[in-house]
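Let us go through this structure step by step, beginning with a single pair of residues and widening the view from there.

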Amino acid sequence: MSLRRWLLTALMIPTTALALPEEARVPGGVAIVPLDGLESATPPVVNYGKNRVMVVPGSDANWVAVVGIPLDAKADEAQQLTLEQGGYSFRINDKAYESQHLTVANKRYVEPDPEDIKRWRKESAEMGAAFRSWSEPEHAITEFKLPAEGPFSSPFGLRRFFNEQPRKPHSGLDIAAPTGAAITAPAPGKVVAVGNYFFNGNTVIVDHGYGLTTMYCHMSHIDVKLGDTLKTGDSIGQVGATGRVTGPHLHWSVSLNNTRVDPLLFIDGK
Ligand SMILES: [Zn+2]
């Protein structure tokens, strides 16, 4: 019996593993990597590239790493997790995401002028800092409720063309809903960014702990402020059409270890 398991048993703490995200070892997916042979009573510090990774109690191994895989990760390269001593590697498979062609009436959103680009760079840095949040609440969150009601109008990972020009792949899930529809917290968390951004419009980023963050874009109205603590179901704001959009919807991003991944992997019974 491992030291950690022995401690948990001695303390009568149930060792039931968390309901983890659905595993998908593909670009834009999540890898669940058992840290086999690691006899540590406390969760180890694990990094993937430059980013710290979520580590939760496992059922077979003592600890498992829950790793967000970037959309530009290459299937022919072994993915490396580094620990203070040693490391683990895992392989991923390719995934062919579909293409989407959109027409945006406001040409500034396709070819931004220098002022827009300057503004976007600053906003991008602000959002980047929020996505790199690391906090350690009592419980790790590994599952979400949907933050809005409506059909999924655009899946994660689409290779996108705006007015026939290639742009970054779709880094979230779009939920179509009318302007004013409710957006609610999918899990407990803390608000780490609130802004009106060039492409994303009215935006909120929530930190759920251990490198897991979520982003809400294009809102008509924001109900939270920086530093607010949210419970599941608390209002974040209302659906809108601010920023680069073709109509009202919620763009919802989920980020693990500063890597945008498919939100549906975190939804139970989607
Ligand atoms: Zn979107």
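**From one salt bridge to the domain interface**

In this predicted model, Arg 52 and Glu 136 form a salt bridge, in which the closest N and O atoms lie 3.6 Å apart, a separation that satisfies the criterion because the rule asks for a side-chain nitrogen of Lys or Arg within 4 Å of a carboxyl oxygen of Asp or Glu. To place this pair, one needs the domain assignment of the protein chain, which gives domain 1 as residues 3-90 and domain 2 as residues 99-266. Across the interface of these two domains the rule finds 1 salt bridge, and it also finds 5 residue pairs in polar contact, with both residues of each pair at pLDDT 80 or more.

On the side of domain 1 that touches domain 2, strand S3 (51-52), strand S4 (54-57) and strand S5 (63-68) each supply at least two residues, and the largest share, 3 residues, comes from S5. By residue class, that side of domain 1 divides into 15 nonpolar, 4 polar and 2 charged residues.

Turning to the two domains as wholes, their centres, taken over C-alpha atoms, are separated by 26 Å, while the contact draws 21 residues from domain 1 and 23 residues from domain 2. The area buried between domain 1 and domain 2 amounts to about 1700 Å², and carbon and sulfur atoms give 67% of it. Within domain 1, the residues that lose the most area to domain 2 are Arg 52, Met 54 and Leu 71, which together account for 35% of what that side buries; Arg 52, the partner of Glu 136 in the salt bridge, is thus one of these three residues.

Notes
Residues are numbered from 1 along each chain as its sequence is written. This is a predicted model: local features need pLDDT of at least 70, side-chain atom pairs count only at pLDDT 80 or more; totals for chains, interfaces and linings use all residues. Side-chain values use heavy atoms; hydrogens and water are left out. Domain bounds come from an automatic or database domain assignment. Contact means heavy atoms within 4.5 Å. Buried area is the accessible area (1.4 Å probe) that two parts lose on being put together, summed over both. A polar contact is a pair of N or O atoms within 3.5 Å; within protein, one must be able to donate a hydrogen and the other to accept it, and residues adjacent in sequence count only if both atoms are side-chain atoms. Helices (H or I, at least four residues) and strands (E, at least two) are DSSP runs, numbered from the N terminus. Ala, Val, Leu, Ile, Met, Phe, Trp, Tyr, Cys and Pro count as nonpolar, Asp, Glu, Lys and Arg as charged, and the others, Gly among them, as polar.
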